[in-house]
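Work through these exercises with the sequence and the 3D view open. Each task is followed by a solution in steps.

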Amino acid sequence: MQSFKLSSSKILRKILSGNSSETSSSNQASSENSTRQFYHQTKKIFVGSWNIGGIAPPQNLNIEDWLDTHNDYADIYVLGFQEIVPLNAANVLGPQNKKNSMKWNSLIGATLNNKKPIEIVEEEIRAEPQKIYPLKEQVGEEFENVDDFQCIISKQMVGMFITIWARCDLYRFIQHLNVSSVGCGIMGCLANKGSISIRFVLHETSFCFICSHLASGGKEEDKRQRNVNANDILSQTSFPAGPMHDMPQNIIDHDRVVWLGDLNYRIDMPHFATHSLINRREWETLLEHDQLKMELKEGHVFQGWHEGAIEFPPTYKYLPNSDDYIGCDENHIIKKKRSPAWCDRIIWFGKGMNQIEYNRSESNVSDHRPVRAVFTADIKVAETNCK
């Protein structure tokens, strides 16, 4: 019995000693963090979203207008696509079809770096994994010979695809790249609808970007389902806490958060009344009946999120390769009417970001127009990071 007590006492002392050591390490890390010096930088973040209707980029497609490369370049580009492949049974239930996403990513890289797109071959498509690119530090002459921008991560889930490009001089300051995907489509779980979320830390500031495609349809129950999708994405998206257990795990716990995608919210007005107001460019009147604006105002979804002023025409639904909305005249009326709507949106959460542009591009290869938003983001930087 005495031997058992002595053994138990030794075990207890070991446990307490271990806990003391962990507490000491934690206190030391906290002390070191409190003595570090910080300053703030401003970075320019470009965010774009486009439902491309399941097509590969046509030959000689120019996306400079969408990426706004004629003006000053951003520091980081976050681009989300919906329906990057057709949402048929083979693509929803079968193996990942990456042919289109690789072609779009090649075109993006070529546009940002002012080069010719790389030709994608079938062998590369079959071998392509989820891309999380190594973040390498390049200095001296070697740095001068590399591209201005590099894809740091790209991820596809059925028709959704998100790709993030950063200036090469930011590489060594980007850490903790993680992906979290949520399917909320057919049967509430398949990935024909849902989200891909990517987070990373730039210097000492965490970012989270959510690319989503929410439930479609113009009925009241469809609107409610979109709200359910959004809330499911917010509750089910989860990231690892990191080796020090100090990383945010939920979307809204990150310092800078942007949600982009085909949110599919419609305009609650009769079909022909909507077209009449569009013809007169009465955006404010239309926006009074915009479902997302109304849901935000009533607090049914996206509580605390922000959206910039919309001063551009609805982005959906166009005749492909045309500037006409479907149903804008008798020749275009079809059995299943799709009234124009601002389906494609970019919203953000929290402080530390200022939106300086919110607009759309006029590329007409899809039944949606691409949208873009440009932000300035406040970045916390440790003094040691600049050495």
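## Exercise 1: Strand S2 and its partners

Val 78 has Ile 164 as its bridge partner in S5. The model is a predicted one.

**Task.** Find which strands pair with S2, in which sense, and over how many bridges.

**Solution.**
- Step 1. Take S5 (residues 160-167). S2 and S5 run antiparallel and are joined by six bridges. The Val 78 to Ile 164 bridge connects S2 with S5.
- Step 2. Take S1 (residues 38-51). S1 pairs with S2 in the parallel sense, over seven bridges. Here Gly 48 has Leu 79 of S2 as its bridge partner.
- Step 3. Check burial. S2 spans residues 76-82, and seven of its seven residues are buried.
- Step 4. Split S2 by side-chain direction. Ile 76, Val 78, Gly 80 and Gln 82 point one way. Tyr 77, Leu 79 and Phe 81 point the other way. Both sets are buried.

## Exercise 2: Aromatic pairs

**Task.** Classify the ring pair Phe 81 and Phe 161, then the pair Phe 312 and Tyr 358.

**Solution.**
- Step 1. Search the whole structure. This gives 19 aromatic pairs.
- Step 2. Take Phe 81 and Phe 161. Their centres are 6.1 Å apart, with 35° between the planes. Planes under 30 degrees apart count as stacked and over 60 as edge-to-face, so the class left for this pair is tilted.
- Step 3. Place the two rings. Phe 81 is in strand S2 and Phe 161 in strand S5, 80 residues apart, so the pair links distant parts of the chain. Phe 81 and Phe 161 are both buried.
- Step 4. Take Phe 312 and Tyr 358. The centres are 5.4 Å apart and the planes make 85°. This pair is edge-to-face.
- Step 5. Place them too. Phe 312 is in the loop between S10 and S11, and Tyr 358 is in strand S12 (residues 353-360). The two are 46 residues apart.
- Step 6. Test burial against the cut-off of under 20%. Phe 312 has a relative accessible area of 2%, so Phe 312 is buried. Tyr 358 has 9%, so Tyr 358 is buried.
- Step 7. Look for a cluster. Phe 81 and Phe 161 belong to one aromatic cluster with Trp 50, Trp 66 and Trp 104.

## Exercise 3: The six-stranded sheet and H7

**Task.** What is the strand order of the open sheet, and which face of H7 is buried?

**Solution.**
- Step 1. Read off the order. It is S6-S7-S8-S9-S11-S10, an open sheet of six strands with mixed pairing.
- Step 2. Find the edges. S6 and S10 (305-306) each pair on one side only.
- Step 3. Check one internal pairing. S9 and S11 run antiparallel and share six bridges. Trp 259 has Ile 347 of S11 as its bridge partner.
- Step 4. Turn to H7 (residues 220-236). Its 17 residues reach 24 Å from first C-alpha to last, close to the 24 Å expected.
- Step 5. List the buried residues of H7: Asp 222, Lys 223, Arg 226, Asn 227, Asn 229, Ala 230 and Ile 233. Down the axis of H7, these fall within an arc of 155°, so they line one face of the helix.
- Step 6. Relate that to the helix geometry. An α-helix has 3.6 residues a turn, so residues three or four places apart point the same way.
- Step 7. Find the packing partners. The buried residues of H7 pack against S6, S7, S8, S9 and helix H10 (291-298). H7 lies across S6, S7, S8, S9 and S10, at about 140° to S9.

## Exercise 4: Three buried residues

**Task.** What do Asn 227, Leu 292 and Trp 348 touch beyond their sequence neighbours?

**Solution.**
- Step 1. Asn 227 sits in H7. Its relative accessibility is 9%, so Asn 227 counts as buried. Asn 227 contacts Tyr 265, Glu 295, His 300 and Val 301.
- Step 2. Leu 292 lies in H10. Its relative accessibility is 0%, so Leu 292 is buried. Leu 292 contacts Leu 263, Tyr 265, Phe 302, Glu 307 and Arg 345.
- Step 3. Trp 348 is in S11 (residues 344-349). At 11% relative accessibility, Trp 348 is buried. Its contacts include Val 257, Val 258, Trp 305 and Phe 375.
- Step 4. Compare sequence with space. Trp 348 and Val 258 are 90 residues apart in sequence, yet their C-alpha atoms are 4.3 Å apart.

Notes
Residues are numbered from 1 along each chain as its sequence is written. This is a predicted model: local features need pLDDT of at least 70, side-chain atom pairs count only at pLDDT 80 or more; totals for chains, interfaces and linings use all residues. Side-chain values use heavy atoms; hydrogens and water are left out. Helices (H or I, at least four residues) and strands (E, at least two) are DSSP runs, numbered from the N terminus. Buried means under 20% relative accessible area, exposed over 50%, partly exposed in between (1.4 Å probe, protein chains only). Contact means heavy atoms within 4.5 Å. The expected span of a helix is 1.5 Å times one less than its number of residues. The arc is that of the directions from the helix axis to the C-beta atoms. Two strands pair if DSSP finds at least two bridges between them. Axes are lines fitted to C-alpha atoms, for helices over the stretch in contact, and angles run from 0 to 180 degrees between N-to-C directions. Rings of Phe, Tyr and Trp (its six-membered ring) pair if their centres lie within 6.5 Å; planes under 30 degrees apart count as stacked, over 60 as edge-to-face and the rest as tilted.
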